[in-house]
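Reader: Could you take a close look at just one part of this for me? I'm in my first year, so please explain the terms as you go.

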Amino acid sequence: MPMPFSTLAETLEALEPISGRTQMISMLAEMLRQAEPDDIAELLYLSQGRLLPDFIQKEFGMNERLIYRSVTQAYGATYDDVLARSKQLGDAGLVAQEYAAKWEADNPMAPANIEPITLQDVYSQLMKITETIGSGSQEGKVTQLAVLFRRLSPLEAKHVARIVVGRLRVGVGDPTLLDALSLAKAGDKSLRVALQRAYNLSSDLGLVAHTLYTMGPEGLDDIHVKVGNPVRMALAERADSADEIVARLGECAIEPKYDGFRIQVHKDGEKVSMFSRGLEDMSGMFPDLVEAIHRQISSAQVILEGEALAYDPSTGAIQPFQVTSQRRRVHNIAEMSETLPISLMAFDLLFIDGRDLTRSPYIERREELYKAIAPREGLGGLHPSPALITEDPEQIVLFYEDSLVEGYEGIVAKRLSGVYDAGKRGYNWIKMKRSYNMQMSDTVDCVIVGYSYGKGRRASWGIGTMLVSVYDKANDTFPTVTKVASGLSEEAFQELGRRLLADKIDHKDPRVVSVLTPDFWVVPRYVLELQADELTRSQMHPAGKTADGAGYALRFPRIVKERPERGPEDATSVDEIIELYNMQGKGDTRGKRKIVQDVSEDE
Ligand code: ATP
């Protein structure tokens with residue numbers, strides 16, 4: 001039986017007050033159990049407030065005011081009335097629900113009272129709204145949403161309004177949905193690994209779920225990388241000495257660690273797409289690279305990865321990340337190609353002409369990468385990243401120091417036999433970065449989970465304190481790790497404060513774990529890169545909490561920058577925090593060089 005849309009609306013409603021993840025998973029599983037194969041993909045997308053996988057951008061193009069106009073049209077209210085009510089209720093969903101309820105009470109023959117609308121019907125109407133573009137499209141969108149509203153119950157109208165405005169109040173993360181899928185189909189977590197693998201390769205929960213529902217668990221093994229679908233990116237572990245790298249990898253390849261913008265390039269004949277580390281579609285952002293890809297790569301189908309670096313055309317100097325990322329914000333991209341040209345330092349090849357290379361060893365992928373790219377002199381265009389193959393810690397330290405002199409961040413060591421571990425952070429890649437000070441050798445990415453208004457002067461400037469979390473992968477939760485209130489300009493703070501206010505929820509998000517209670521909680525969404533003086537054990541923050549009740553906390557944190565390309569699950573993990581804690585105080589890598597030299601001299 002086709003699923004009625006009310007099943008989703010009721011589940012979203014029931015999830016809203018829930019603050020425990022286990023309960024969330026079982027409620028989602030209950031909903032997923034009721035879905036037919038034909039509905040499952042759409043159900044998953046909609047439960048995350050979208051129509052397609054994240055990497056395909058589909059904008060509704062409707063702000064709250066347009067939604068209020070739809071409410072006006074649908075329910076015969078006046079716009080001023082609706083707007084005034086919205087100021088009191090503060091949420092498009094509640095406004096739509098209220099007017100729908102009034103209208104339904106006055107119209108017992110309202111369609112929503114007679115015939116329940118199906119999930120597919122809502123889905124296709126919403127899709128039409130995204131496809132209404134061009135002149136007069138705003139009017140068209142308003143009317144289409146009004147027509148849809150008239151077919152919905154008040155509860156359904158509430159959640160549809162929230163989906164359209166992009167603010168579902170329930171943050172259902174990918175790992176939570178994967179757990180729920182396994183529970184729905186197997187009754188336990190036994191399918192989780194296979195589901196995760198398929199998801200890491202396809203980045204498409206809808207496709208994964210549809211495959212599971214139509215072909216069973218065996219079908220998941222047939223999901224492979226596909227040109228055009230971003231592959232969830234492999235990530236590196238850390239080391240703080242060359243000795244440790246060699247101890248872990250033996251003979252390995254050492255590459256510079258570029259501080260640019262990671263992109264995954266998909267070439268499919270004439271079409272070139274590019275994805276950021278958060279799998280955001282960046283196609284169109286780097287037209288000079290697209291041209292270089294066509295010029296330097298003759299294979300019809302390729303997926304490769306590299307770091308995009310901007311450089312100053314007058315001096316040839318590599319620009320730091322902040323400058324590279326300016327390209328994202330600037331409108332005149334053509335002009336940027338002149339003033340801030342880009343090179344792509346390619347470091348991995350995942351797919352070429354029908355062959356999935358993700359299971360091939362690094363050394364083979366590397367060889368294919370060199371073959372695939374026609375050489376080009378000078379800056380700009382594509383360049384395979386150089387790699388030194390060695391098992392000598394001394395050579396590694398020299399390469400590392402040269403990299404720093406070149407203006408790079410450090411090195412990435414790669415296991416020669418290592419496969420491309422999609423979506424995982426593992427020891428197939430090990431990064432060693434410059435130590436910022438003797439204590440913490442790396443910055444930490446944290447997601448904002450709560451906000452407290454500032455005190456005194458800070459309050460009058462609109463600058464508050466953010467409660468932030470890291471990510472606990474094993475439990476798919478966000479335990480807090482510190483509070484942060486410095487590092488951004490006054491304007492940037494105020495602007496972020498406004499965005500947080502729009503994300504305010506009246507209870508803790510179910511995935512957040514916290515001892516402290518901020519002035520208000522927010523849906524975990526915005527990621528900040530923090531630098532801190534050190535990591536300490538703390539009773540106030542539950543990140544990495546051990547039996548003695550103490551977790552880990554960042555001391556004296558400050559914001560380095562916001563990381564718009566990262567989602568909440570891309571935040572630094574609890575495991576990494578523990579690892580960083582254990583690395584503390586071991587001294588910086590230059591100290592290690594001395595030790596390496598001393599040892600060889602002794603010999
Ligand atoms: P960081 O903030 O240190 O860049 P991260 O969380 O973005 O870390 P990691 O997996 O820890 O990602 O480090 C690998 C990152 O380093 C990649 O995401 C990529 O952007 C960058 N990088 C730069 N040069 C290389 C290289 N030669 N090989 C692999 N990754 C590289």
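Author: Val444 has Leu530 in strand 18 as its bridge partner. That pair belongs to strand 12 (residues 444-452), which is joined to strand 18 (residues 527-531) by four bridges, with the two running antiparallel. A quick word on terms: strands are DSSP runs of E with at least two residues, helices are runs of H or I with at least four, and both are numbered from the N terminus. Two strands pair if DSSP finds at least two bridges between them.

Before going on, keep in mind that this is a predicted model, where local features need pLDDT of at least 70 and side-chain atom pairs count only at pLDDT 80 or more, while totals for chains, interfaces and linings use all residues. Residues are numbered from 1 along each chain as its sequence is written, and side-chain values use heavy atoms, leaving out hydrogens and water.

Back to strand 12, which also has five bridges to strand 13 (residues 465-469), again antiparallel. Here Ile448 is matched with Val468 of strand 13. Then there's strand 17 (residues 520-522), which pairs with strand 12 over two bridges, in the antiparallel sense too. In that pairing, Tyr451 sits opposite Phe520.

So is strand 12 enclosed or not? Eight of its nine residues are buried, so the rest of the structure largely encloses strand 12. Buried means under 20% relative accessible area, with exposed being over 50% and partly exposed in between, using a 1.4 Å probe and protein chains only.
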